[in-house]
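Reader: Before I accept the labels used for this model, I would like to know what value stands behind each of them. Could we go through them one by one?

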Amino acid sequence: MEAVWYDGYTRASAPPGVSWSFSACPSKPDDPRTAVVDQDGMCYSGRTYLGWACPSEVAWRGSFGRSAFAHELMHYAQGLDGVHDPDHKRLDDWKLSIEMDARLIGLGL
Ligand SMILES: [Zn+2]
């Protein structure tokens, strides 16, 4: 968490709470990946909403770096800045989140 939130995203405030999903996607029985499943059965690698008590949900895919952990933390960081970027148009932000994935993998996380 610290490597991404404080070092990578240079945030001083508290990081979001993160819950992990270990569920399969019910609408994609042939997909072996875990998913965050919403109330309509839609599947995601992760979701973040600042209004939730636990703002980020992430599908656990074997390690932090291979899950959408850094990605969802970026959505949270953007949200704190008043930015809503569900279509990932802020390319520098998303490049940084991919770099964070690589850093986590490099740390064995
Ligand atoms: Zn996203």
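**Labels and their grounds**

Reader: How do you know that strand β1 (residues 18–21) and β6 are paired?

Author: Four bridges join β1 to β6, and the two strands run parallel. Pairing requires that DSSP finds at least two bridges between two strands, so β1 and β6, with four, count as a pair. One position to look at is S19, which stands opposite E57 in β6. This is a predicted model, in which local features need pLDDT of at least 70 and side-chain atom pairs count only at pLDDT 80 or more, whereas totals for chains, interfaces and linings use all residues. Residues are numbered from 1 along each chain as its sequence is written.

Reader: What joins strand β5 (residues 46–48) to β6, and where do they face each other?

Author: Three bridges join β5 to β6, and here the strands run antiparallel; T48 stands opposite S56 in β6. The open sheet of three strands therefore has the order β1-β6-β5, with mixed pairing. β1 and β5 stand at its edges, each with a single partner strand, so one side of each has no neighbour in the sheet. Neighbouring strands of this sheet are turned by 15° against each other on average, direction ignored, where the axes are lines fitted to C-alpha atoms and angles between N-to-C directions run from 0 to 180 degrees.

Reader: What makes both faces of strand β6 (residues 56–59) count as covered?

Author: S56 and V58 on one side, and E57 and A59 on the other, are all buried. A residue is buried if 20 or more other C-beta atoms, placed from the backbone, lie within 10 Å of its own, exposed if 12 or fewer do, and partly exposed in between. Across the protein, buried residues make up 32% of the 109 residues.

Reader: Why is L80 called exposed?

Author: L80 lies in helix α2 (residues 69–80). It has 12 C-beta neighbours inside 10 Å and therefore counts as exposed. The C-alpha atoms of L80 and S13, 67 residues apart along the chain, are separated by 9.6 Å.

Reader: What makes R90 partly exposed?

Author: R90 has 13 other C-beta atoms within 10 Å, and that count falls in the range between the exposed and buried classes, so R90 is partly exposed. R90 is placed in the loop between α2 and α3, and it touches V83 and D85 when residues up to four places away in sequence are not counted. Contact here requires C-beta atoms, placed from the backbone, to lie within 7 Å.

Reader: And how do you know whether D7 is buried or exposed?

Author: D7, in helix α1 (residues 2–8), has 11 other C-beta atoms within 10 Å and is therefore exposed.

Reader: Why are α2 and α3 described as oblique?

Author: The axes of α2 and helix α3 (residues 91–106) come within 9 Å and cross at roughly 140°. Angles under 35 degrees count as roughly parallel, over 145 as roughly antiparallel, 65 to 115 as roughly perpendicular and the rest as oblique, so α2 and α3 are oblique to each other. Residues A70, H71, M74 and Q78 in α2 meet D93, W94, S97, M100, D101 and L104 in α3.

Reader: Which strands form the sheet β2-β3-β4, and what makes two of them edge strands?

Author: This open sheet of three strands has antiparallel pairing, and β2 (23–24) and β4 (43–44) are its edge strands, since each pairs on one side only. Strand β3 (residues 34–37) and β4 pair over two bridges, and the bridge partner of V36 in β4 is Y44.

Reader: How many helices and strands are there, and what makes the protein as compact as a globular one?

Author: There are three helices and six strands, where helices are DSSP runs of H or I with at least four residues and strands are runs of E with at least two, numbered from the N terminus. The radius of gyration, taken over C-alpha atoms, is 14 Å, close to the 13 Å that the globule rule (2.2 Å times the number of residues to the power 0.38) gives for 109 residues, so the protein is as compact as a globular protein of that length.

Note on methods
Contact = placed C-beta atoms within 7 Å.
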